[in-house]
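Work through the exercises below with the sequence and the model at hand. Each task is followed by a solution in steps.

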Amino acid sequence: MEKRGSLIRQFREKENGPIHIARDLIGTVYDDLEKHQGLLGPGEVWDLPARFSADPEKVENLTFDDMLPLWVGGSARRELTAEVLEHYSRFLREIDHLRLLAPFLDAEIGGQYTRMITDLGTVIDVNLITRYLKHSEGDHIYILELGGGYGRLAEAFLGIFENQAKYVMLDAVPESLVYAYLYLSRNFPDRRIGFYYSGHDFDFVTYDCYIVPTWRFEELNRYTFDVAININSMQEMKQEQIDYYLSLFDRVTKLGGEIYVSNSRDYYQKEFRYPKRWRLLFKQNTPRSWTPHDPIEVFQKAERDYDRENLDIETQYLRELCAAYERDYQEKRKIIHEMQSWNRKLSEGNIAAQARIRELEKWRGAQAGTIYLMKAVVEFSRRQFKRMRHISIESMKK
Ligand SMILES: C[S@@+](CC[C@H](N)C(=O)[O-])C[C@H]1O[C@@H](n2cnc3c(N)ncnc32)[C@H](O)[C@@H]1O
């Protein structure tokens with residue numbers, strides 16, 4: 001794919017005024033969801049009246065800023081600091097073939113924009129997705145994203161690759177669907193953004209980007225895609241939904257096409273049963289990983305079974321994962337010991353200890369957290385070794 005435009009065109013509410021959410025449009029989506037969602041509706045995490053129960057009026061008037069922590073996470077929406085930039089840069093320097101990082105390092109250009117930490121996640125995603133992308137047919141590249149939030153990545157692809165990108169966003173949360181449409185329409189006034197609930201047809205001749213609810217996608221879709229993407233979204237879904245979407249990705253991705261998945265595995269503990277014919281090209285934690293087991297995985301849809309070859313990358317990842325848990329465990333042990341020692345001082349009458357204990361209080365769950373994470377890695381390794389054994393027995397039979 002050829003870089004034509006830039007990433008630095010992000011619309012930010014702060015600078016451009018609020019997006020006015022169309023309540024009647026949201027109502028239409030909720031009506032359709034209630035009648036037709038079937039298996040594919042959003043889970044409890046996205047029960048917005050429950051989330052905002054302390055302020056019931058709020059849920060009627062959710063702003064883009066209210067939704068942002070749900071889409072990108074509380075810490076990722078924070079403004080970029082030099083320290084975070086350095087942390088991401090170490091990883092990005094190796095993979096930034098599109099040179100998207102440079103403007104972030106330029107204080108003068110950067111000064112005009114409010115940059116969030118999540119924008120560096122976008123730099124990772126766009127670089128890694130395009131590094132493995134193979135497309136041959138004509139000028140267009142067909143991209144499918146499930147659970148794309150407000151359009152963080154769609155915005156990057158439409159901005160950087162201009163009219164090369166043909167982008168579909170699938171979602172099940174009415175607020176995400178409507179905001180993605182309003183956000184992208186406002187940010188790209190000269191581009192054609194289509195929306196199922198505005199009566200637009202799902203047609204890439206007319207539209208560059210099309211936003212559609214998950215439960216309507218299969219009946220409307222007649223395209224195959226160069227890449228299928230899911231970032232921080234399947235992790236929140238029910239197991240049968242993850243199974244369904246992995247098989248959907250397999251059906252609608254072109255042969256030789258790419259599948260890009262980035263989800264936390266230890267926090268949510270879901271099974272990702274990837275088709276055996278997906279060849280694993282990349283699996284690593286990245287600076288965006290918010291738990292030790294939160295990798296980006298890149299696959300290529302192949303013609304034959306790649307389960308055996310995939311184990312090489314899986315095993316390497318497993319080694320790194322064990323080391324990450326070990327580091328995490330040691331760090332938490334240090335905190336626990338320090339807390340114990342301050343508690344002793346406090347019981348001996350050292351009042352000053354109180355302040356330090358309060359500071360360490362935020363790590364209160366550290367011990368429980370560590371045990372929980374250790375369990376996750378043991379379970380993960382057990383499954384992995386079982387798979388390895390199965391594959392070697394199968395290959396011995398041949
Ligand atoms: C945490 S946000 C991540 C947004 C985006 N991928 C990003 O990284 O900026 C999760 C996204 O998945 C969507 N989502 C949640 N549950 C879903 C479901 N069951 N089916 C489809 N989309 C879902 C949400 O509406 C939201 O867009």
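**Exercise 1: strand 6 and its neighbours**

In this predicted model, strand 6 (residues 253-262) is mostly covered, with seven of its ten residues buried. Task: determine how strand 5 and strand 8 each pair with strand 6, parallel or antiparallel.

Solution. Step one: take strand 5 (residues 225-231), which runs parallel to strand 6 and is joined to it by six bridges. In this pairing, F225 stands opposite T253 of strand 6. Between these two strands the chain passes through helix 12 (residues 239-252), and the resulting β-α-β crossover is right-handed.

Step two: take strand 8 (residues 295-301), which pairs with strand 6 over five bridges in the antiparallel sense. Here Y260 has V298 in strand 8 as its bridge partner.

**Exercise 2: helix 9**

Task: establish how many residues of helix 9 (residues 152-160) are buried, and what follows for the helix.

Solution. Step one: apply the criterion that a buried residue has 20 or more other C-beta atoms within 10 Å of its own. Step two: go along the helix; R152, L153, A154, E155, A156, F157, L158, G159 and I160 are buried. Step three: nine of the nine residues are buried, so helix 9 is largely enclosed by the rest of the structure. After the helix comes E162, with a positive phi near 45 degrees.

**Exercise 3: the ligand shell**

Task: find which residues come nearest to the ligand, and how the shell divides by residue class.

Solution. Step one: among the 21 residues around the ligand, G147, G149, V173, S176 and S233 come nearest. Step two: sort the shell by class, which gives nine nonpolar, nine polar and three charged residues.

Definitions and conventions: Residues numbered from 1 in each chain as written. Predicted model: local features only at pLDDT ≥ 70, side-chain atom pairs only at ≥ 80, totals over all residues. Buried ≥ 20, exposed ≤ 12 C-beta atoms within 10 Å, placed from the backbone. Helix = DSSP H or I, 4+ residues; strand = E, 2+ residues; numbered from the N terminus. Near = placed C-beta within 6 Å. Nonpolar A, V, L, I, M, F, W, Y, C, P; charged D, E, K, R; others polar. Pairing = 2+ DSSP bridges. Right-handed = clockwise from strand over helix to strand, strands pointing away.
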